[in-house]
Amino acid sequence: MTDGKALRRAFGEFASGVTVVTTGGPVPRGMTANSFTAVSLNPPLLLICVKHEATMHRSLESASHFGVSVLSDRQEAVARHFADHSRPSGLSQFASVPWTPGRAADGAPLIDGALARFECALVERYEGGDHTVFLGEVLSLERGTESGGTESDGALVFFQGRFRRLADETEAA
């Protein structure tokens, strides 16, 4: 059997982007997540993985739609906010974060200034150990300046248990 802490550290060697996953409806919810993957272009599909014990898991179980906002390197505070388990619940957890309601049926909040924002219809769930894989069909998307970002924004990255930013080739030289 693999040691859980060692496995977590080894998985942490894979750099990933940082997103905020949201659900709308009468009790909106947000959660920072780095388990986000593009699945297919035709049909347009993406997936997110959520731990069974997470409040977001319960929200997604009853949702028909969800949103994903890919955070820029200027949005570390947003990532930390939605990772904080002591934040308020419901709509009040979005009070300090600029957002726009999605156009899909439940109006999942989409984070303003994100590098990309997706609205998805939840199409399938797959059990995967202590997580559930939620598969979503992309209904709408916005990139960069369409969602309030700027051309110079880079990606917020999670690597070795810390938030980081990607260095542009010109910065690294």
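Thr 19 of strand 2 sits across from Val 70 of strand 6 in this predicted model. Strands here, like helices, are DSSP runs numbered from the N terminus (E, at least two residues, for strands; H or I, at least four, for helices). Four bridges tie strand 2 to strand 6 (residues 65–70), and the two run antiparallel; strands count as paired if DSSP finds at least two bridges between them. Strand 2 also pairs with strand 3 (residues 29–33), again in the antiparallel sense, this time over five bridges. Within that pairing, Val 21 has Met 31 as its bridge partner. Strands 2 and 3 make a hairpin with five residues between them, and Gly 25 in the turn takes a positive phi of about 85°.

Strand 2 (residues 19–23) is mostly covered, with five of its five residues buried, where buried means under 20% relative accessible area, exposed over 50%, and partly exposed in between (1.4 Å probe, protein chains only). Neither face is left open: Thr 19, Val 21 and Thr 23 are buried on one side, and Val 20 and Thr 22 on the other.

As for ground rules, residues are numbered from 1 along each chain as its sequence is written, and side-chain values use heavy atoms, with hydrogens and water left out. Local features need pLDDT of at least 70 and side-chain atom pairs count only at pLDDT 80 or more, while totals for chains, interfaces and linings use all residues.

A second piece of strand architecture is an open sheet of three strands in the order 1-11-12, paired antiparallel. Its edges are strand 1 (16–17) and strand 12 (162–165), each of which pairs on one side only. Strand 1 is joined to strand 11 by two bridges, with Ser 16 partnered by Phe 158. On to strand 12: strand 11 (residues 156–159) pairs with it over four bridges, among them Leu 156 with Arg 165, and Phe 158 stands opposite Phe 163. Strands 11 and 12 form a hairpin too, with two residues between them and a positive phi of about 55° at Gln 160 in the turn.

Now for the interior. The largest nonpolar core has 18 residues, of which Ile 48, Val 50, Phe 66 and Phe 118 touch the most other members; such a core is a set of buried Ala, Val, Leu, Ile, Met, Phe, Trp, Tyr and Cys residues joined through side-chain atoms within 4.5 Å. Two or more residues come from each of strand 3, strand 5 (44–51), helix 2 (55–61), strand 6, strand 9 (116–128) and strand 10 (131–143). Strand 9 gives the most, four residues. Apart from this core lies another of 11 residues, including Leu 71, Val 78, Phe 82 and Ile 111. Leaving out residues up to four places away in sequence, Phe 118 has contacts (heavy atoms within 4.5 Å) that include Phe 36, Leu 46, Phe 66, Val 138 and Leu 141.

The largest pocket has a volume of about 1500 Å³. A pocket is an open set of points on a 1 Å grid over the protein atoms alone, where a 1.4 Å probe fits, with protein on both sides within 12 Å along at least five of seven lines; lining residues have an atom within 4 Å of a point. Volume is the space filled by probe spheres set on the points, which are joined across faces, edges and corners. The lining runs to 38 residues, and Arg 8, Asn 34, Ser 35, His 131 and Phe 158 lie nearest the centre.
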